[in-house]
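Dear colleague,

I am passing on the structure we spoke about, and would be glad if you could look it over. The sequence and coordinates come just below, and my notes on them follow.

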Amino acid sequence: LKAEALQELAQVTSQQQLAEMRIKYLGKKGPLTEILRGMGSLSAEERPIIGQVANEVRGAIEAVIESKQEEYQKAETEARLRAETIDVTLPGRPSPIGATHPINKVIQQIEDIFIGMGYTVAEGPEVEQDYYNFEALNLPKNHPARDMQDSFYITEEILMRTQTSPVQVRTMEKMKGEVPVKIICPGKVYRRDDDDATHSHMFTQIEGLVIDRNIRMSDLKGTLLQFVRELFGHHTQIRLRPSFFPFTEPSVEVDVTCAMCKGSGCRVCKQSGWLEILGAGMVHPNVLEKGGYDPEEYSGFAFGMGVERVAMLKYDIEDIRHFYTNDLRFLKQFAHL
Ligand code: PHE
């Protein structure tokens with residue numbers, strides 16, 4: 001029996017077979033169990049002899065099975081360690097990460113320029129009261145200039161802000177008559193416009209407001225010149241054209257020289273050499289007063305620009321809708337900015 005078992009065990013090639021052998025030779029129905037069970041029918045002299053032989057055979061078989069089992073386990077552990085080895089010299093896999101949206105990049109660029117001139121960044125709600133969006137900005141109900149900014153009304157008194165100018169009023173209220181006021185405010189605005197290459201029902205503006213004693217038109221002009229030179233390049237010139245906004249007087253529209261002009265046939269400025277980028281003016285006395293500043297003592301200037309338009313001019317983008325359609329081929333071109 002022992003010889004047979006050991007021979008069979010020598011041919012075992014898997015853990016599965018080894019387990020079968022264990023059952024076959026050492027299990028409850030195995031030959032050894034049977035022999036030991038039959039011990040009762042043996043004589044007193046035979047019993048210890050047979051018992052000893054049976055135990056020795058059992059021990060021998062067990063020993064071989066144990067050592068084989070150990071071998072298998074060792075091999076298994078080794079195989080697992082080999083499979084799990086990490087080659088630290090392999091180059092890493094790049095994990096794809098997103099990038100800041102080009103509009104936010106341009107907002108950051110503009111913020112940085114104004115922060116460098118001592119401004120702080122202010123914010124206001126996108127769902128705004130009629131009072132802040134129009135009334136306090138010298139645009140009473142039924143004022144025809146309200147039509148310039150067709151609005152999304154939520155109730156009679158609440159609307160999606162059509163401009164960032166309401167933040168002017170909110171800031172003045174917060175400052176409680178203190179000076180200097182020197183803020184810029186970036187944010188989304190909403191107008192009932194049909195979307196096309198240059199219009200969007202939602203877009204981004206940046207507002208600026210300065211209030212102090214003796215603020216003059218020349219301060220506005222100097223500030224804007226410095227700003228556009230930092231944004232578009234140091235040879236940029238500006239041109240002020242008279243305009244109208246209910247909350248500024250006098251009001252101007254500001255053009256910058258077109259840096260896209262490369263010889264004739266410029267698509268961007270249609271060969272005029274100038275690009276409109278800003279609305280601005282001296283804060284209207286009525287607005288100062290509503291904000292708690294005595295127009296006899298204080299004066300200020302304000303300006304507002306469309307961020308998409310600035311980005312389109314700066315990076316020669318032909319359609320405003322590119323900013324909102326999430327086409328990675330477009331967005332990735334600005335990932336490095
Ligand atoms: N709020 C104006 C607009 O949206 C822009 C502007 C801001 C003009 C501040 C003058 C002063 O058209």
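**The sheet and its surroundings**

To begin inside the sheet, G281 has A302 of strand β9 as its bridge partner. Please keep in mind throughout that this is a predicted model. The two strands concerned, β8 (residues 274-283) and β9, pair in the antiparallel sense, and four bridges link them. They belong to an open sheet of seven strands with mixed pairing, whose order runs β1-β4-β5-β9-β8-β7-β6. The edges of this sheet are taken by β1 (120-121) and β6 (238-245), and because each of them has a single partner strand, one side of each is left without a neighbour in the sheet.

Strand β9 also comes up in connection with helix α7, which spans residues 166-175 and in which P166, V167, Q168, V169, T171 and M172 are buried. The elements that cover these buried residues include β9 (299-306) together with the strands β2 (127-129), β4 (181-190) and β5 (202-212), as well as the helices α6 (130-133) and α9 (285-290). Just after α7 comes K176, for which the backbone shows a positive phi of about 50°.

Turning to the surface, L1, I35 and I50 make a nonpolar patch of about 230 Å². Of these residues, I35 is part of helix α3, which covers residues 31-37, and I35 counts as partly exposed because its relative accessibility is 38%, which lies between the limits of 20% for buried and 50% for exposed.

With best regards

Notes:
Residues numbered from 1 in each chain as written. Predicted model: local features only at pLDDT ≥ 70, side-chain atom pairs only at ≥ 80, totals over all residues. Heavy atoms only, no water. Patch = residues over 30% accessible without salt bridge, like charges linked within 9 Å, V, L, I, M, F, W, Y side chains within 5 Å. Areas by Shrake-Rupley, 256 points an atom, 1.4 Å probe, with all protein chains shown as cover. Salt bridge = Lys/Arg side-chain N within 4 Å of Asp/Glu carboxyl O. Buried < 20%, exposed > 50% of the residue type's maximum accessible area, 1.4 Å probe, protein only. Contact = heavy atoms within 4.5 Å. Pairing = 2+ DSSP bridges.
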